[in-house]
Amino acid sequence: IFKYSSRPGTAAAKLPDDVPLEEKKRRNNDLLAVQEETSLRRRRALVGRALEVLVEGPSRKKPDVAVGRTTHNYIVHFATPDMTPGRFVEVEITDATPLTVSGRLKTQERP
């Protein structure tokens, strides 16, 4: 979600800007809030499920935690002794935020 900005050479660039900056900010924040709520609801629906996760390696912020992605491109954080990228593991999802889910390793590497 981005605030509109005119592009030179377009028809819209020639129109007057009749929306005050504060209104633009309010609308942008409203849309961001809806998106955050939707994202959290979708990720919370994964809690309790076991998902196949492709290991990407250690997290940049928490090097003792692995990060990977599901087949639907959800970011997953979980503990594992082997953070070798490219492995597939099964992770049971235990928690969710608007941007990521976290869980515990259910099985070791899958073929």
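A salt bridge is here a side-chain nitrogen of Lys or Arg that lies within 4 Å of a carboxyl oxygen of Asp or Glu. In this structure, which is a predicted model, Arg-27 meets that criterion with Glu-23, since the closest N and O atoms of the two are 2.9 Å apart and the cut-off is 4 Å. Arg-27 and Glu-23 both belong to helix H1, where four residues, or about one turn of the helix, separate them. An α-helix has 3.6 residues a turn, so residues three or four places apart point the same way. Side chains of opposite charge can pair when their charged atoms come close.

Neither partner of this pair is classed as buried: Arg-27 is partly exposed at 43% relative accessibility, and Glu-23 is partly exposed as well, with a relative accessible area of 24%. The pair also belongs to a wider arrangement, for Glu-23, Arg-26, Arg-27 and Asp-30 are linked in a network of salt bridges. The structure as a whole holds eight salt bridges.

The helix that carries Arg-27 and Glu-23 spans residues 21–44. H1 has 24 residues, and the distance from its first C-alpha to its last is 34 Å, close to the 34 Å expected at 1.5 Å a residue. Some of its residues are covered, in that Asn-28, Ser-39, Leu-40 and Arg-43 are buried in H1. Leu-32, which is also found in H1, counts as partly exposed because its relative accessibility is 37%. Together with Ile-1 and Leu-31, Leu-32 forms a nonpolar patch on the surface, and the accessible area of these residues together is about 270 Å².

From the helix we turn to the strands, beginning with E1 and its partners. Strand E1, residues 50–58, runs antiparallel to E2 and is joined to E2 by five bridges. E1 also pairs with E4, again in the antiparallel sense and over five bridges. Leu-54 shows both pairings at one position, since its bridge partner in E4 is Phe-88, while in E2 Leu-54 stands opposite Arg-69. A further position in the pairing of E1 with E2 is that of Gly-57, whose bridge partner in E2 is Val-67.

Strand E2 comprises residues 66–70, and because four of these five residues are buried, E2 is largely enclosed by the rest of the structure. Besides its pairing with E1, strand E2 is joined by four bridges to strand E3, residues 75–79, and these two strands run antiparallel. Within that pairing, Ala-66 stands opposite Phe-78 in E3. The hairpin of E2 and E3 has four residues between the strands, and in this hairpin Asn-73 takes a positive phi near 70 degrees.

How do the contacts of single residues fit this picture of paired strands? Val-53, placed in strand E1, counts as buried because its relative accessibility is 0%. The C-alpha atoms of Val-53 and Gly-68 are separated by 5.8 Å, although the two residues are 15 residues apart along the chain. Leaving aside residues up to four places away in sequence, Val-53 touches Gly-68, Arg-69, Thr-70, Val-76, Phe-78, Arg-87, Phe-88, Val-89 and Val-91. One of these contacts, Thr-70, lies in strand E2 and is classed as buried because its relative accessibility is 10%. With the same exclusion of residues up to four places away, Thr-70 touches Leu-51, Glu-52, Val-53 and Val-76.

Salt bridges also occur among the strands. Arg-69 forms a salt bridge with Glu-56, with 2.8 Å between the closest N and O atoms. This pair links distant parts of the chain, given that Arg-69 is in strand E2 and Glu-56 is in strand E1, 13 residues apart. Arg-69 counts as partly exposed at 28% relative accessibility, and Glu-56 likewise counts as partly exposed, at 39%.

Another such pair is made by Glu-92 and Arg-104, whose closest N and O atoms are 3.5 Å apart. Because Glu-92 lies in strand E4, residues 88–96, and Arg-104 in strand E5, residues 100–110, the pair ties together parts that are 12 residues apart in sequence. Arg-104 is partly exposed, its relative accessible area being 47%.

Definitions and conventions:
Residues numbered from 1 in each chain as written. Predicted model: local features only at pLDDT ≥ 70, side-chain atom pairs only at ≥ 80, totals over all residues. Heavy atoms only, no water. Buried < 20%, exposed > 50% of the residue type's maximum accessible area, 1.4 Å probe, protein only. Pairing = 2+ DSSP bridges. Patch = residues over 30% accessible without salt bridge, like charges linked within 9 Å, V, L, I, M, F, W, Y side chains within 5 Å. Areas by Shrake-Rupley, 256 points an atom, 1.4 Å probe, with all protein chains shown as cover. Expected span 1.5 Å × (residues − 1). Contact = heavy atoms within 4.5 Å.
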